[in-house]
Amino acid sequence: MIFDAHAHAFPDSLAPHAIETLSASPRHGPIVPHTNGTVSGLRASMTAAGVRGAILCSIATKPAQVRKITDWSASLHSESPVLKSEISNPPPPASTLKSEISSLKSQISTLKSLKSEISSLKSQISNPVTSPSVPSPQSSPLIFPFASIHPDFDDPESECRRIASHGLRGIKFHPHYMNCAIDDPRTHRIARAAAAAGLAMTFHAGHDIAFPDTDLATPRALRELHDAIPTLRLQCCHLGGWKRWEESLEYLVGQPIYLETSYCLGYCPPDLLHRILTTHLPTHIQWGTDSPWQPHAADLALFRNLPIPDALKSAALSANTLRFLNLQDSS
Ligand SMILES: [Zn+2]
């Protein structure tokens, strides 16, 4: 199963305006979106590329958006029973009867899912015209929504607990769109609250195309945040710092920090890209697209063609993102 560690989509009512604004902004330059910005658009792009799941990142650009984003994210998370039965690996060593039973239950559940998927596919083959166009829950790509807490939101601790109580796995922080540096005390407060609630946290890292002159998301500040809050499952986008890859090598590579590849393939100089991917912890590299700003199928093809070991690609496409989401050990 392939997972995209970094994607975006918007509520249907907001998607047209958001896509138009973000892609047409003079600051943004000529960026072409590859979906219509909706969750169904994201799913269609994933389906076409054979991508099973994606982390969907929202960004609160105002404090008033925080609770709405949590609620919307929670509404997208309805497939959790499906993903639990499908994704969960059997528990570690089946040394006791209890764990063997649990493992068998998980396998039976997976087989039931597969049986239902096969039956759904059979009916689609035999009734191509009349079968529903909406995919079954089992075959519909999985969405892992990340909520977002603005640095001026008054109670990040209780909102992090609320986010976790909905079964959501993490939150997104974008220093440029929130006008708040990573080494700002407000950022650290949110990161502490996320770690305490068991949430992962993902950061835009490095420069941003839309904000060329600001320096709010440096690899060094991300390393300091990791050192200050080592229990936080931390993901730094764009391999730790878009167009700051030398600093990413210096401060982030080798640390237990997840680095995802979006906007790096075709942008990061090949030698530097190779050094980062082959010297970082192989358990902490993730494939990501930043969809809709990069297309799934083409970015996946670029990633698969990289001259790095197959085992590294395989972990980056699947196991590492499941571990980042804290889904690997659930049963
Ligand atoms: Zn992004």
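In the next few minutes I will walk through this protein, from overall confidence to its core and then to one residue in a helix.

Please keep in mind that what we are looking at is a predicted model. The average pLDDT over the protein is 86, and 78% of the residues score at least 70. There are weaker stretches, however: over residues 90-94 the pLDDT is below 50, although the model still gives this stretch nine contacts beyond near neighbours in sequence. Residues 124-135 also stay under 50, and for them the model has three contacts beyond four places in sequence. Where pLDDT is low, the predicted coordinates should not be read in detail.

Turning to the overall build, the protein has 14 helices and eight strands, and of its 331 residues, 41% are buried. If we take the contacts between residues at least 6 apart in sequence, 77% of them join residues at least 24 apart.

Now to the core. The largest nonpolar core holds 77 residues, and those touching the most other members are Ala54, Leu56, Ile171, Ala194, Met201, Phe203 and Cys236. Strand 3, which covers residues 142-148, supplies the largest share of this core, namely five residues. As an example of how a core member is placed, Phe203 touches Phe173, Ile182, Ala217, Leu222, Cys236 and Cys237, leaving aside residues up to four places away in sequence.

Finally, let us consider Thr278, which lies in helix 11, residues 270-279. Is Thr278 buried or exposed? Thr278 counts as partly exposed, because it has 15 C-beta neighbours inside 10 Å. The C-alpha atom of Thr278 is separated by 9.9 Å from that of Pro307, and the two residues are 29 residues apart along the chain.

Key: Residues are numbered from 1 along each chain as its sequence is written. This is a predicted model: local features need pLDDT of at least 70, side-chain atom pairs count only at pLDDT 80 or more; totals for chains, interfaces and linings use all residues. pLDDT is the predictor's confidence in each residue, from 0 to 100. Two residues are in contact if their C-beta atoms, placed from the backbone, lie within 7 Å. Helices (H or I, at least four residues) and strands (E, at least two) are DSSP runs, numbered from the N terminus. A residue is buried if 20 or more other C-beta atoms lie within 10 Å of its own, exposed if 12 or fewer, and partly exposed in between; C-beta atoms are placed from the backbone. A nonpolar core is a set of buried Ala, Val, Leu, Ile, Met, Phe, Trp, Tyr and Cys residues joined through C-beta atoms within 7 Å.
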